[in-house]
There are 4 protein chains.
Amino acid sequence: MNIKGTAAGGGNALLIPMTEFSMGLTGDINDVMNAHNLAMVALTGRMQHERNYSDEQLRRLTGMRRLDIDPCQVEMGWVIDFCAQALRSVIIGMGARSDGYMMQSKFGIAVSSELMAILAIVRDLADLRKRLGEITMAYDKRGNPITTADLEVAGAMCAWMRNAINPTLCSTAEYQPVMVHAGPFANIAVGQSSIIGDRVGLKLFDYHVTESGFAADIGFEKFWNVKCRLSGLQPHVSVLTTTIRSLKMHGGGSKVVAGLALPEEYRRENLKLVEAGLANLLHHIGVIRKSGINPVVCINRFTTDTADEIRVVRRAAEKAGARCALSDHWGKGGEGALELADAVTDATRDKVEFRYLYPMEMKLRDRVELIAKEVYGAGGVAWAPEAETKLRSLESDARYDEYSTMMVKTHLSLSHDPALKGAPKNWILPIRDVLVYSGAKFLCPCAGSISLMPGTASNPGFRRVDVDVQTGKVTGLF
Amino acid sequence: MNIKGTAAGGGNALLIPMTEFSMGLTGDINDVMNAHNLAMVALTGRMQHERNYSDEQLRRLTGMRRLDIDPCQVEMGWVIDFCAQALRSVIIGMGARSDGYMMQSKFGIAVSSELMAILAIVRDLADLRKRLGEITMAYDKRGNPITTADLEVAGAMCAWMRNAINPTLCSTAEYQPVMVHAGPFANIAVGQSSIIGDRVGLKLFDYHVTESGFAADIGFEKFWNVKCRLSGLQPHVSVLTTTIRSLKMHGGGSKVVAGLALPEEYRRENLKLVEAGLANLLHHIGVIRKSGINPVVCINRFTTDTADEIRVVRRAAEKAGARCALSDHWGKGGEGALELADAVTDATRDKVEFRYLYPMEMKLRDRVELIAKEVYGAGGVAWAPEAETKLRSLESDARYDEYSTMMVKTHLSLSHDPALKGAPKNWILPIRDVLVYSGAKFLCPCAGSISLMPGTASNPGFRRVDVDVQTGKVTGLF
Amino acid sequence: MNIKGTAAGGGNALLIPMTEFSMGLTGDINDVMNAHNLAMVALTGRMQHERNYSDEQLRRLTGMRRLDIDPCQVEMGWVIDFCAQALRSVIIGMGARSDGYMMQSKFGIAVSSELMAILAIVRDLADLRKRLGEITMAYDKRGNPITTADLEVAGAMCAWMRNAINPTLCSTAEYQPVMVHAGPFANIAVGQSSIIGDRVGLKLFDYHVTESGFAADIGFEKFWNVKCRLSGLQPHVSVLTTTIRSLKMHGGGSKVVAGLALPEEYRRENLKLVEAGLANLLHHIGVIRKSGINPVVCINRFTTDTADEIRVVRRAAEKAGARCALSDHWGKGGEGALELADAVTDATRDKVEFRYLYPMEMKLRDRVELIAKEVYGAGGVAWAPEAETKLRSLESDARYDEYSTMMVKTHLSLSHDPALKGAPKNWILPIRDVLVYSGAKFLCPCAGSISLMPGTASNPGFRRVDVDVQTGKVTGLF
Amino acid sequence: MNIKGTAAGGGNALLIPMTEFSMGLTGDINDVMNAHNLAMVALTGRMQHERNYSDEQLRRLTGMRRLDIDPCQVEMGWVIDFCAQALRSVIIGMGARSDGYMMQSKFGIAVSSELMAILAIVRDLADLRKRLGEITMAYDKRGNPITTADLEVAGAMCAWMRNAINPTLCSTAEYQPVMVHAGPFANIAVGQSSIIGDRVGLKLFDYHVTESGFAADIGFEKFWNVKCRLSGLQPHVSVLTTTIRSLKMHGGGSKVVAGLALPEEYRRENLKLVEAGLANLLHHIGVIRKSGINPVVCINRFTTDTADEIRVVRRAAEKAGARCALSDHWGKGGEGALELADAVTDATRDKVEFRYLYPMEMKLRDRVELIAKEVYGAGGVAWAPEAETKLRSLESDARYDEYSTMMVKTHLSLSHDPALKGAPKNWILPIRDVLVYSGAKFLCPCAGSISLMPGTASNPGFRRVDVDVQTGKVTGLF
């Protein structure tokens with residue numbers, strides 16, 4: 001018996017050690033980036049040519065009608081596969097008549113592309129081709145959406161992504177097979193391995209494990225109510241991973257700052273902090289239970305964990321009715337994960353009555369309120385005036401009834417405020433905006449601001465990466 | 001016996017039909033793009049952090065010293081693999097303290113990257129690693145160059161390019177092997193297939209054919225005086241390709257405008273225009289002769305060519321002492337090229353006394369004058385004041401003596417003025433600037449303005465590209 | 001007996017007909033604009049020179065130390081005396097080393113300058129000179145304020161404003177004397193005629209009338225708690241001007257759109273709308289009463305007003321204990337205002353016990369809550385997270401205890417929402433930010449967004465302005 | 001007998017000491033600035049509204065037709081009355097639909113406005129009104145000029161300038177009357193006091209002296225061939241002012257850098273440098289002679305001048321046939337200028353046969369060549385390709401035959417190269433562009449680049465300006 005799986009992130013059928021994983025090996029991200037940026041080339045070129053030419057010239061030269069795109073309502077930006085904060089907010093199209101249409105624009109990181117979100121959920125090439133034409137890039141001056149199909153670029157985008165639709169078969173360091181496919185930014189998208197990857201995995205392996213980014217409030221909620229609904233597949237087990245350190249942080253440990261030494265409480269035994277942090281773990285267990293599944297808690301072992309700390313967690317998880325397993329795969333590889341494997345295979349024998357949190361008939365406002373209260377533990381939801389306006393317009397348009405509800409919330413707290421640790425009560429979830437992803441068919445209610453472009457730190461990792469010119473091996477990646 | 005070859009443009013060792021050539025198949029362009037943009041991430045991030053932090057904070061957080069980069073002297077831009085004229089001139093870094101350093105910036109097309117130029121000329125991975133650290137990205141406030149090594153990013157750039165250093169083995173539509181490797185923008189770089197590709201080809205095949213972009217004034221001059229000098233290799237034959245249409249255009253035919261119907265003189269027999277255009281062909285034959293090689297003129301047949309038109313060209317070429325062959329590979333594949341193949345193999349038996357146009361000891365000003373007069377047919381060279389200043393500074397620094405002289409000139413005329421057809425006489429070549437590519441070790445004297453980012457036409461090709469969702473085949477590429 | 005007055009807006013001692021009022025006649029606005037923009041020249045020049053020079057060069061060339069201004073924390077923008085919405089958000093400093101420091105910047109309309117706010121409240125030239133050096137233009141990288149004094153530009157600014165400190169004596173169309181002095185944007189400043197103008201008026205005339213922009217919630221509240229406190233002067237009477245049209249609008253009349261025909265209910269008798277709108281008038285009467293003054297309600301007559309409509313208003317005002325007078329100065333000049341004049345002079349004989357709404361000892365948070373509830377009729381105040389942070393920091397710094405509280409709120413509603421007419425109840429006033437005007441010594445809590453630059457309409461008034469070239473008279477101003 | 005005069009720079013009829021001259025006292029610059037910026041408000045507002053509205057909406061809301069302005073061909077920028085180099089190149093109109101039309105723009109210094117050029121040459125208010133409507137602000141997408149009249153803003157601009165058309169009567173420190181009127185930037189405009197001022201002066205005074213900016217190559221050439229032609233007036237005398245220091249500089253003295261100590265040769269007697277510099281003075285004498293006038297050379301005395309140095313200059317000037325006078329007005333006021341006054345009144349008795357350098361019938365190319373050779377001493381003229389194209393188009397349009405030829409050239413050398421001192425020979429004047437000022441009716445051939453916005457130095461003068469708060473006097477201006 002083998003446990004195999006897919007992880008979010010990649011492309012073609014090659015057996016490649018996971019150590020090269022960080023250098024874009026599957027090629028999928030490049031394909032997404034190129035297809036996405038081609039759409040932007042189409043958009044900006046069209047705006048330029050429409051500005052420069054009269055209706056008659058346009059018709060004669062190109063056979064095209066005027067789309068009359070509103071430069072103040074361009075929703076889509078460019079993507080690049082780096083944390084390039086300097087490109088977050090840019091001005092493009094400076095220069096002469098032939099140097100583009102001047103406007104404000106933006107770059108996101110490639111994985112935040114709506115195309116990556118689409119890749120994670122498509123059924124097949126025909127579905128991909130169709131969705132690639134339904135992406136809303138901008139609005140015209142009368143407020144109508146301008147799609148990739150309107151720009152006649154969806155076919156060429158699909159050409160760039162024709163190979164990316166195939167999962168890439170990689171392996172772990174111990175040569176267990178792993179399929180890598182899709183890595184959509186959980187900030188605004190589903191944040192899961194692809195449905196295609198899962199389908200392939202389910203046909204090939206005895207057990208299929210699939211990854212779901214972030215915790216039960218973000219990752220599992222989207223897996224549960226969005227991905228399972230889109231795929232029609234249902235899980236037997238859910239593994240909830242925790243660490244002693246994260247529990248200490250939720251229990252009131254001092255702030256951890258990248259680059260500075262780890263505070264002492266994280267390196268020494270501190271049962272009080274662990275205990276205080278258990279409220280967070282128990283909340284996540286409760287969330288998963290609402291789907292009809294009883295989770296397996298996996299304690300991801302660190303060398304600084306003490307036996308008493310582990311015991312406290314195990315006891316609490318078990319008292320809550322969950323299975324719990326210590327896993328030392330970091331230290332011992334697959335052998336270190338045997339306890340977890342046993343717990344998981346045991347759990348697959350449970351009877352599961354999987355049920356969604358809400359039916360598709362439920363309206364957007366009610367869905368958000370339900371998620372806020374039942375999954376995040378909020379007391380209520382407050383819609384900002386602009387979001388309220390958008391909400392009403394979206395609820396009144398039947399087209400959006402079938403769209404998935406894709407919450408945008410920080411993963412650093414159960415609430416919208418990264419500073420609130422543990423399991424906060426009596427707070428109101430503020431919704432500031434609702435994004436429309438019409439290719440992926442997502443409505444994304446945003447609790448707080450969203451940045452689609454992370455930043456590079458003052459002491460960036462690339463300083464330590466190099467190539468051994470004798471062997472061609474990359475060094476310093478980990 | 002087989003004629004094999006390398007063409008500018010590509011990556012890894014896969015046998016792929018040339019029909020997919022246009023979709024970035026080798027992956028090399030993506031690698032170049034990512035490695036190049038990573039350098040820009042390093043530069044812009046460093047500028048941001050140096051602006052935000054005091055010397056003391058910088059040292060404590062990162063161990064780095066202040067580079068003090070002058071935002072008004074950043075030479076390098078970003079790259080993207082599309083004709084995105086809207087990105088030619090941009091402003092980046094708008095927003096708050098953590099949103100980058102605000103400055104003017106630019107995007108070029110990926111193949112115009114100095115990294116692609118380097119890829120075409122490197123010897124091996126060690127040479128690549130070294131050159132990737134020597135690229136001048138900007139200048140500090142005292143005027144000293146800031147290199148990729150100063151930014152500690154060269155190792156990570158090399159990691160991104162570790163696979164791109166290997167040529168990709170593709171095939172023609174008739175499954176003849178072709179290596180695809182490197183496609184440096186001949187506008188500012190050498191514009192040839194890679195030296196590594198040539199070395200591999202020379203070991204594998206009976207005959208090795210290598211591509212050299214643009215005509216004898218641009219492509220062959222750089223092949224002759226730069227690439228051969230860097231590789232230490234020497235050609236036996238040079239094929240000079242011409243068409244009846246291009247000769248008509250050089251003979252005074254009316255202007256050809258993309259999108260409009262081809263003027264009649266190009267579709268009907270017109271011996272007068274062909275004869276008038278021969279001056280241009282003869283000039284190119286003469287240029288190649290100066291290297292010690294007698295070229296083979298290849299007439300690339302079009303269906304509208306008439307027997308008399310072809311006879312006129314053949315007679316002129318032969319009168320000038322060159323071999324001449326008609327080739328109908330477009331119409332008949334390899335079989336259509338047999339006459340050319342015979343002429344080329346015949347020519348390989350000639351005794352060649354290959355000699356460079358100038359020795360490396362010659363100073364930059366003299367090299368440019370020699371190229372202008374001997375290769376372009378100019379009467380002289382005029383240096384603009386700014387270029388004159390740069391010239392003097394470069395000539396006085398021994399470091400630049402070993403740099404290649406990489407002319408930047410339009411390929412649409414022997415002169416710098418695209419409107420001057422035929423073989424113009426008595427004109428002065430204006431030099432407006434000299435670019436320094438310190439990783440490739442090129443000095444690029446610029447005759448006219450250079451754009452590193454082409455534009456997308458008003459009726460772009462992507463409109464016609466699509467994917468057959470049943471077969472996965474890309475349609476509309478050709 | 002004469003009623004004289006000052007109106008917000010202007011400069012030197014010249015007798016000028018009010019008809020030329022709109023063309024910047026007093027010169028004060030130009031002086032404010034030039035002094036203000038000079039400060040920006042000083043700031044941007046300093047940033048450029050500090051960027052270009054080392055500490056040592058800076059000291060040698062200029063004797064200046066490095067201020068180390070944070071380009072992301074420049075608070076001040078430029079001003080211009082037009083509604084130039086295209087200048088609201090700009091990027092400046094593009095180009096080479098000598099073309100400024102590149103950053104985002106903004107333009108406001110000249111009257112929105114902090115200098116105009118200062119002009120309205122200064123005591124004398126020495127006070128002006130002192131305050132002109134205390135304006136916060138930006139913050140340095142450690143968060144310390146950079147003032148006009150730090151930039152050594154306050155003296156030169158004062159030189160530009162040395163004449164503007166004198167009120168301009170103008171006249172009405174009937175040659176009654178009017179002093180014009182200062183016109184600070186009530187959006188963020190006190191929005192009143194100058195204190196100097198009032199002081200001069202009180203010495204010259206039997207009765208002195210001073211203008212206070214917007215209604216009792218904005219204009220009177222600032223006159224009452226800020227201007228009177230700063231001047232030490234107290235009013236005898238307060239005139240509350242109303243119109244039948246505005247009451248109809250507050251009573252639920254349909255929306256009035258500039259450029260479109262006035263809806264019928266505003267042109268015909270409609271007692272129901274007038275009655276419904278009285279709640280708003282009565283609220284304003286109540287606010288003024290809280291200061292110890294019983295207001296005189298002035299009905300500013302329109303030709304469409306009917307006798308019954310006027311009777312309804314008069315009855316309601318008188319029932320509320322206020323005097324009420326109909327005034328037809330628009331139709332009949334001074335004679336038309338005699339009833340109002342009688343009511344006002346009568347009111348001056350009332351005994352007034354003038355009292356401020358809050359003592360200076362009251363903390364900012366409490367002041368805002370008191371104003372919101374007592375003056376606007378709100379149920380409470382909600383501080384946004386950023387505003388809350390600023391509030392705490394300001395309350396903890398004793399320096400700000402003496403600052404005036406200068407509310408920023410729309411004048412189109414008693415609430416912050418321009419759509420809420422009448423006298424709304426049970427609403428929460430949201431505070432989004434607190435601006436610090438350290439020259440004027442104002443803390444400005446902002447309820448809603450503030451634009452300091454109005455826009456020019458699609459059918460702008462300048463189209464109708466011209467000059468009669470025979471007489472030199474300006475036409476089309478009114 | 002009195003010598004009176006006008007100086008370039010000012011407004012209304014007030015007697016004001018020259019010491020306040022620098023603070024914009026006449027108000028004319030403010031009027032020019034406001035009228036100019038109003039035009040830009042009209043342009044940018046129109047572009048915004050045309051972008052936002054359909055043809056039908058535009059017609060209904062405003063009754064206006066679509067002008068279809070090309071944002072890449074906006075010629076006019078904004079003005080401000082400071083050396084604000086940070087505003088040289090800007091981006092405006094960022095933000096939402098109502099925040100303007102986004103484009104690149106620029107600011108010049110107020111005196112560089114075409115309105116100031118117009119003010120210097122208009123005949124009367126009717127002429128001003130007419131010209132204010134003829135200014136080309138931009139081009140539409142078909143290449144047709146968009147004027148201030150097209151934008152319906154000329155009337156309102158004229159309203160702002162209705163007072164500026166009157167000269168301001170000021171006085172010298174000795175209370176001699178001086179009219180101040182207009183100060184057009186000689187870089188691109190006529191650079192002279194106004195024609196209206198001259199006309200008034202000629203009626204009021206026995207002798208009228210008018211100022212002409214820069215030397216005989218710039219100031220006098222424009223006075224001679226442009227201003228005199230436009231006014232119909234002819235001078236009796238021309239005063240050519242020189243200093244010992246400037247002659248030393250033209251004779252090869254070392255470079256003078258603002259902020260650093262004056263090199264020794266300028267502070268001590270150095271006859272050799274003076275003699276070497278005389279070539280420049282003699283060239284200027286020769287230029288003036290070509291107009292039919294024999295100039296009076298005025299040596300503007302410095303305290304460091306020696307008697308021998310003065311003698312050398314006087315001898316050379318007289319040998320060339322010119323009158324020469326030493327003037328010590330700096331040291332002794334009017335009394336110090338008596339020798340000059342005598343020389344000038346004596347010269348007025350000469351018979352003058354005033355003749356223009358070229359007739360209006362001469363074509364632009366020939367005019368420029370004549371000026372280059374006869375006035376600057378050039379060997380010829382070279383037109384850049386873009387300028388050549390413009391030249392041909394302008395010469396072929398009869399409308400431009402009546403336009404004045406307004407040369408744009410540095411005043412730091414007789415040539416276009418500021419570093420060439422003395423009287424250089426055998427050089428070619430390069431023409432890079434031709435500006436069209438259709439309100440002033442100027443064609444401005446540009447020899448070299450032109451900046452319409454000077455920069456503020458690293459040690460700016462405003463640091464030393466202040467106000468004495470007791471007296472209101474401005475200090476530190478001189």
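Helices here are DSSP runs of H or I of at least four residues, numbered from the N terminus. With that convention in place, I turn to the structure itself, which is a predicted model.

I begin in chain D. Phe223(D) sits in helix α7, which covers residues 216-231 of that chain. Is this phenylalanine, Phe223(D), buried or exposed? Its relative accessibility is 12%, and the cut-off for buried is under 20%, so Phe223(D) counts as buried. Leaving aside residues up to four places away in sequence, Phe223(D) is in contact with Gln192(D), Thr210(D), Ser212(D), Cys228(D) and Pro235(D). Gly45(D), by comparison, is separated from Phe223(D) by 178 residues in sequence, and the C-alpha to C-alpha distance between them is 38 Å.

Next, helix α6 of chain D, residues 195-204. Its buried residues are Ile195(D), Ile196(D), Gly197(D), Asp198(D) and Gly201(D). One of these, Gly197(D), also takes part in the N-terminal cap of α6(D): its backbone nitrogen lies 2.7 Å from a side-chain oxygen of Ser194(D), the capping residue.

I close with the internal cavities. Rolling a probe the size of a water molecule over the atoms reveals where empty space remains. The structure contains eight cavities of 30 Å³ or more, and the largest has a volume of about 120 Å³. Which residues lie nearest the centre of that largest cavity? They are Met362(C), Leu364(C), Arg367(C), Tyr400(C) and Asp401(C), out of 14 lining residues. In chain C, the elements giving two or more residues to this lining are α13 (364-376), α14 (385-395) and β16 (404-405). By class, the lining comprises seven nonpolar, five charged and two polar residues.

Terms used: Residues are numbered from 1 along each chain as its sequence is written. Chains are lettered from A and ligands numbered from 1 in the order in which they are written. This is a predicted model: local features need pLDDT of at least 70, side-chain atom pairs count only at pLDDT 80 or more; totals for chains, interfaces and linings use all residues. Side-chain values use heavy atoms; hydrogens and water are left out. On a 1 Å grid over the protein atoms alone, a cavity is a set of points where a 1.4 Å probe fits but cannot get out, and a pocket is an open set with protein on both sides within 12 Å along at least five of seven lines; lining residues have an atom within 4 Å of a point. Grid points are joined across faces, edges and corners, and a volume is the space filled by probe spheres set on the points. Ala, Val, Leu, Ile, Met, Phe, Trp, Tyr, Cys and Pro count as nonpolar, Asp, Glu, Lys and Arg as charged, and the others, Gly among them, as polar. Buried means under 20% relative accessible area, exposed over 50%, partly exposed in between (1.4 Å probe, protein chains only). Contact means heavy atoms within 4.5 Å. A polar contact is a pair of N or O atoms within 3.5 Å; within protein, one must be able to donate a hydrogen and the other to accept it, and residues adjacent in sequence count only if both atoms are side-chain atoms.
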